[in-house]
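Me: Can you walk me through this model? I'd like to hear about the ligands and the chain contacts.

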Amino acid sequence: MKMKLFSYNLVDTYVHRLSGLTKLICFLLLTFAVMFSYDIRVLIFVLAFSLWILRISLIKYKQIRLMVIYVAVFLITNAIIAYLFAPEYGVDLYGTRHELAHILGRYSITQEQMFYQMTKLIKYASVIPLGIIFLLTTNPSEFASSLNGVGVHYKAAFAVELTLRYFPDVQREYHDISQAQQARGLELSSKTKLGTRFKNSLQIIIPLIFSTLDRIELISNAMDLRGFGKQKKRTWYNQRRLTKEDVLAIVVSVAIFLFTIAVSVFVNHSRFYNPFI
Amino acid sequence: MKDMFKVSTRTIVATGLGAAIFMLLFMYVKVPSPVPETSFQTAYGLGAFFATLFGPIAGALIAFIGHALSDAVQYGSPWWSWVIASGVAGFIYGFAYKSTSVEEGTFETKDIIRFNVIQIVGNLIAWVIVAPVLDILIYAEPVSLVFTQGIIAAIMNSISAGVIGTLLLIAYAKTRTKEGSLTKN
Amino acid sequence: MTSKPIISFKNFTFQYYSQAEPTLYDINLDIYPGEKILIVGPSGSGKSTLGHCLNGLIPFSYKGNSTGSLTINGQETRELDIFTLSKIIGTVLQDADGQFVGLTVGEDIAFAMENDCVDTDTMRKRVKDVSAMVDMDKLLTSSPFELSGGQKQRTSLAGVMIDDVDVLLFDEPLANLDPKTGKVAIEIIDDIQKQSQKTVIIIEHRLEDVLHRNVDRILVIDEGRIIADKDAHNLVSSSVLLDTGIREPLYVTALKLAGVSVKPEMLPGHISSIQTKEVAMDVRNWFNAQVKASPEKEGSSLLTMEKVSFSYDGVVPILKNINFDIAEGEMVAIVGKNGAGKSTVSKVLCGFELEDEGRVLIRGEDIRNMTIRERAETIGLVMQNPNQMISKPMIYDEVALGLRLRGVPEEEIEPRIKKVLAVCGLAPFIKWPISALSYGQKKRVTIASILVLEPDILILDEPTAGQDYRHYSEIMEFLVRINRLGVTVIMITHDMHLMLEYTPRSIVLAGGEIVADTSASAVLTDADIIEKANLKVTSLFNLAQMVGIPDETAFVQSFIDVERRLRDHEDEAVQL
Ligand SMILES: Nc1ncnc2c1ncn2[C@@H]1O[C@H](COP(=O)(O)OP(=O)(O)OP(=O)(O)O)[C@@H](O)[C@H]1O
Ligand SMILES: Nc1ncnc2c1ncn2[C@@H]1O[C@H](COP(=O)(O)OP(=O)(O)OP(=O)(O)O)[C@@H](O)[C@H]1O
Ligand SMILES: [Mg+2]
Ligand SMILES: [Mg+2]
């Protein structure tokens with residue numbers, strides 16, 4: 001079983017050298033830009049930019065293959081269902097109708113629908129590389145301090161740190177409990193009926209949760225004994241000081257973010273780019 | 001009611017570990033449903049249980065962190081609209097904290113009903129209002145699609161929280177001991 | 001002592017909220033700065049509770065009623081909060097894993113300073129210094145699952161020392177450590193105490209192991225009361241240990257067997273201090289009078305591992321070419337250092353993990369295709385960590401689980417459970433929830449839940465960790481009894497006493513290979529094996545040398561034989 005959550009790999013690239021805080025800020029700015037804009041030109045630009053960053057941070061395809069498959073499946077199903085549910089949604093959005101072909105009943109192919117679905121596909125796709133870069137180049141140890149750095153309360157940030165710390169333990173424990181239960185006579189193989197399988201998986205979840213409750217007691221005792229929550233704030237051992245490289249990255253991200261907003265406000269006068277009028 | 005939002009070290013630890021289990025269940029212990037992009041998530045049962053024991057803040061953070069991280073691991077990036085909706089659901093589940101007497105070792109019909117009303121309200125608000133609205137705002141998804149998805153999610157997560165959450169709470173109530181009740185015999 | 005006590009209990013009584021009776025009664029105790037105190041006592045006697053009163057977890061985290069007074073540095077603890085107390089008393093909890101909250105060693109050590117808002121540079125420097133003291137400075141970026149048990153323990157130690165506290169409190173620091181790592185842990189604690197003059201309080205069952213280095217006083221707690229407060233020499237010479245069911249050092253038992261009356265003047269507290277000139281003759285005479293027992297004959301082959309190799313991730317080999325054959329009715333110990341692969345062997349046997357190469361046979365039949373459940377009909381495994389086995393909130397249901405899954409009728413279940421709980425010393429707790437038990441008690445629940453299924457082969461992973469000597473002896477006596485009835489018993493253990501006293505044969509693992517498969521007395525007197533497997537020379541060996549017995553192994557063997565014979569007599573007496 002995979003023990004580390006993210007296959008964070010230490011290579012010396014520009015992206016890796018950035019502090020976790022910088023990466024989080026850039027990630028958020030670019031993600032918000034993408035979420036806000038519905039202009040395919042802007043989206044393609046951000047997608048290209050993030051793919052370029054993916055390249056220079058030396059992430060190997062092997063590391064992200066699984067995610068790419070998952071995302072592809074998601075995008076394709078989403079596109080199909082969206083079309084089935086609302087084949088004329090693009091027409092509503094853009095206010096014109098250029099039919100290319102009629103299929104059946106209310107289903108026909110229009111330029112507007114194609115354009116809308118294309119834009120949406122790119123919109124979804126362009127956040128993925130950003131997330132991947134952030135996850136695979138950030139040292140998990142810096143994660144919590146970065147969250148704290150962007151204004152998340154330190155207690156909530158530390159909860160995230162605890163999640164990262166204990167996920168491998170929880171995962172291993174789930175595995176061990178499932179074996180211990182099988183050794184006492186529980187049937188878990190896929191042969192059994194869905195209902196029984198569900199009931200049996202509860203037999204594992206319950207001990208997992210109850211042993212976790214005990215552990216919560218223990219860990220919070222250990223943390224209290226070492227003064228957690230004493231002050232209004234806290235410092236972080238793994239926090240890094242910002243360098244010129246960090247400033248550059250932030251400036252570029254802010255620029256892209258402002259650019260996106262500016263395009264919407266001054267060029268399109270809306271979140272949507274409408275080539276049909 | 002007054003310390004509903006109090007955050008102690010125990011709340012934080014419960015949040016961190018709860019989110020870890022939430023992630024595990026969210027990724028590995030789910031039953032696919034016939035409707036695409038939805039599945040029967042055991043994780044919400046766990047979320048409702050933890051929220052009832054540790055309050056709204058823990059409930060919200062557990063679902064938010066757990067959902068965000070498992071999206072990140074699987075898809076490379078969190079799906080913010082649904083992640084936020086998860087957080088809202090967890091937050092509302094948390095109102096069962098203090099309004100049930102599970103910590104005192106009883107979880108009977110009255111408490112079961114109260115817990116379930118709260119979790120169903122939470123699921124309705126999260127999946128029939130918050131998630132679709134965010135989907136429309138952020139991704140401009142078709143209205144009919146997102147509401148249909150939302151209603152299905154609300155039903156399935158209510159069943160998950162209702163069945164698993166209730167069972168967990170009953171089991172938990174049994175482990176609670178009353179004052180001065182332990183003697184060796 | 002001229003100075004004022006740093007810790008002072010006066011008529012102190014404490015009762016947990018959920019308990020009907022107090023757990024600590026009328027404690028009167030003064031501890032002075034710079035003292036090193038050891039607290040021993042049966043499981044459930046209130047040792048950890050006493051510790052919680054000191055570090056503030058009572059009443060901060062555990063609710064209850066206390067009367068009387070407890071002052072630290074002259075201040076009444078009731079008026080202090082846990083943060084103030086944590087600056088005076090640093091606690092290393094029983095479970096090193098639970099205490100490790102950081103993602104890496106460095107972060108974990110720095111945790112207390114982070115909470116104090118110390119700036120990053122100061123923090124880094126201090127972490128470097130403190131980690132060097134416990135020899136962890138090369139591993140600052142390692143994550144917890146890359147560390148051995150001993151290394152985690154060192155990290156915990158550094159994590160509390162970073163605050164420069166006055167008092168260090170250890171709750172069972174040795175549980176789960178292999179003998180050599182345990183010895184090193186005691187040395188580290190001792191060195192730090194000597195260097196910094198801190199007050200040190202150690203709670204521990206393994207008396208002889210702690211007495212590897214000097215302690216000033218030993219407190220014996222029984223049923224919530226302090227019943228003895230002596231130095232090591234006086235304590236082992238008295239009958240307190242036997243009366244409360246705490247294991248005395250082995251060499252003391254051996255001397256007593258040889259008819260020597262152990263007196264404080266002999267300085268018997270430590271194997272390094274004891275004077276044996278006067279009594280050497282007695283011991284030699286005793287040894288020469290022993291008849292050598294003939295080795296027991298073997299039954300037919302029951303469980304075999306043939307050239308088994310295994311790796312979890314396909315990269316790092318954990319088991320390499322393991323061969324052994326266990327006969328029907330044998331009692332075998334598997335020993336070796338932390339991470340040697342002992343638990344892994346048990347997992348492969350039970351089918352939790354599948355061997356990469358080689359074969360596992362039961363009665364000559366390859367069991368490769370048997371599922372976990374099918375194997376469980378023959379092999380019962382008690383896992384190392386009790387929390388992973390416990391799935392029911394109530395003790396009774398937990399023990400009944402396996403029977404119920406096998407469809408045993410309810411009328412039959414009850415008497416079987418009562419019997420097994422009595423054997424495991426849990427009869428008084430039959431109606432209790434598991435959440436109110438101490439760690440040692442939980443471990444016994446898991447043993448009971450497997451014993452009740454009556455398997456042919458019983459594998460116990462660390463059966464006695466966290467147990468006091470009385471329960472330990474009870475469990476072991478029970479295992480010996482069922483072993484006589486034909487159940488084959490395999491024990492994975494760090495406990496050298498257990499291996500010596502109960503298992504005629506020991507398989508020693510080191511680096512995934514078997515480095516010895518012979519009698520316990522031969523293993524524990526062989527310097528080469530001891531070194532390879534992180535074991536520790538038994539004090540009986542040192543005693544033999546001291547009194548001038550040239551064949552140490554034979555001496556150790558005689559001791560074991562005599563002990564065993566005495567035990568059998570008692571057993572027969574009980575049965576008659
Ligand atoms: N949180 C609690 N609530 C109620 N009772 C408790 C609690 N913790 C411990 N006890 C009870 O107090 C008694 C003493 O427990 P304690 O943990 O102090 O024992 P111990 O001497 O440390 O034992 P061990 O050697 O097994 O760790 C036990 O009988 C236990 O059942
Ligand atoms: N599920 C697992 N996945 C990957 N590696 C594992 C797993 N379990 C154990 N290991 C590794 O296998 C090695 C042997 O572990 P094992 O638990 O068998 O040791 P052990 O001899 O029982 O040690 P201890 O005395 O500390 O209990 C260790 O290096 C451990 O880190
Ligand atoms: Mg204890
Ligand atoms: Mg082990």
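Reply: Here is a run through the ligand sites and then the interfaces.

Reply: This is a predicted model, where local features need pLDDT of at least 70, side-chain atom pairs count only at pLDDT 80 or more, and totals for chains, interfaces and linings use all residues. Residues are numbered from 1 along each chain as its sequence is written, chains are lettered from A and ligands numbered from 1 in the order in which they are written, and side-chain values use heavy atoms, with hydrogens and water left out.

Me: OK, which residues are closest to ligand 1?

Reply: C:Gln19, C:Ser43, C:Gly44, C:Ser48 and C:Thr49 are the closest of the 19 residues around ligand 1. A residue counts as near if one of its heavy atoms lies within 4 Å.

Me: What does C:Gly44 do there, backbone-wise?

Reply: A backbone N or O atom of C:Gly44 sits 2.8 Å from an oxygen atom of ligand 1. From the side chains, C:His205 brings a polar atom to 2.9 Å from a ligand 1 oxygen, and an N or O atom of C:Glu172 is 3.4 Å from an oxygen of ligand 1. The protein buries 87% of the 640 Å² that ligand 1 exposes when taken alone; these accessible areas come from the Shrake-Rupley method with a 1.4 Å probe.

Me: Which helix gives the largest share of that shell?

Reply: Helix H1 of chain C (residues 47-55), with three residues. Helices here are DSSP runs of H or I, at least four residues, numbered from the N terminus. By class, the ligand 1 shell has five nonpolar, 12 polar and two charged residues. Ala, Val, Leu, Ile, Met, Phe, Trp, Tyr, Cys and Pro count as nonpolar, Asp, Glu, Lys and Arg as charged, and the others, Gly among them, as polar.

Me: And where is ligand 2?

Reply: Ligand 2 lies between chains A and C. It has 13 residues around it, the closest being C:Gly339, C:Lys342, C:Ser343, C:Thr344 and C:His494. Oxygen atoms of ligand 2 are 2.8 Å from a polar backbone atom of C:Gly339, 2.8 Å from a side-chain N or O atom of C:Lys342, and 2.8 Å from a side-chain N or O atom of C:His494. On its own ligand 2 has 640 Å² of accessible area, and the protein covers 73% of that.

Me: Switching topic: how much area is buried between chain C and chain A?

Reply: About 5,200 Å², with carbon and sulfur atoms giving 54% of it. Buried area is the accessible area (1.4 Å probe) that two parts lose on being put together, summed over both. In residues, 65 of chain C are in contact with 52 of chain A, contact meaning heavy atoms within 4.5 Å.

Me: How many salt bridges between chain C and chain A?

Reply: Six, where a salt bridge is a side-chain nitrogen of Lys or Arg within 4 Å of a carboxyl oxygen of Asp or Glu. A:Arg234 forms a salt bridge with C:Glu114, the closest N and O atoms being 2.8 Å apart.

Me: What about chain A with chain B?

Reply: Chain A and chain B bury about 5,200 Å² between them, 79% of it on carbon and sulfur atoms. The contact takes 59 residues from chain A and 56 residues from chain B. The rule finds two salt bridges across this interface, and the side chains of A:Lys120 and B:Glu141 meet in a salt bridge at 2.8 Å, N to O.

Technical notes:
A polar contact is a pair of N or O atoms within 3.5 Å; within protein, one must be able to donate a hydrogen and the other to accept it, and residues adjacent in sequence count only if both atoms are side-chain atoms. Helices (H or I, at least four residues) and strands (E, at least two) are DSSP runs, numbered from the N terminus.
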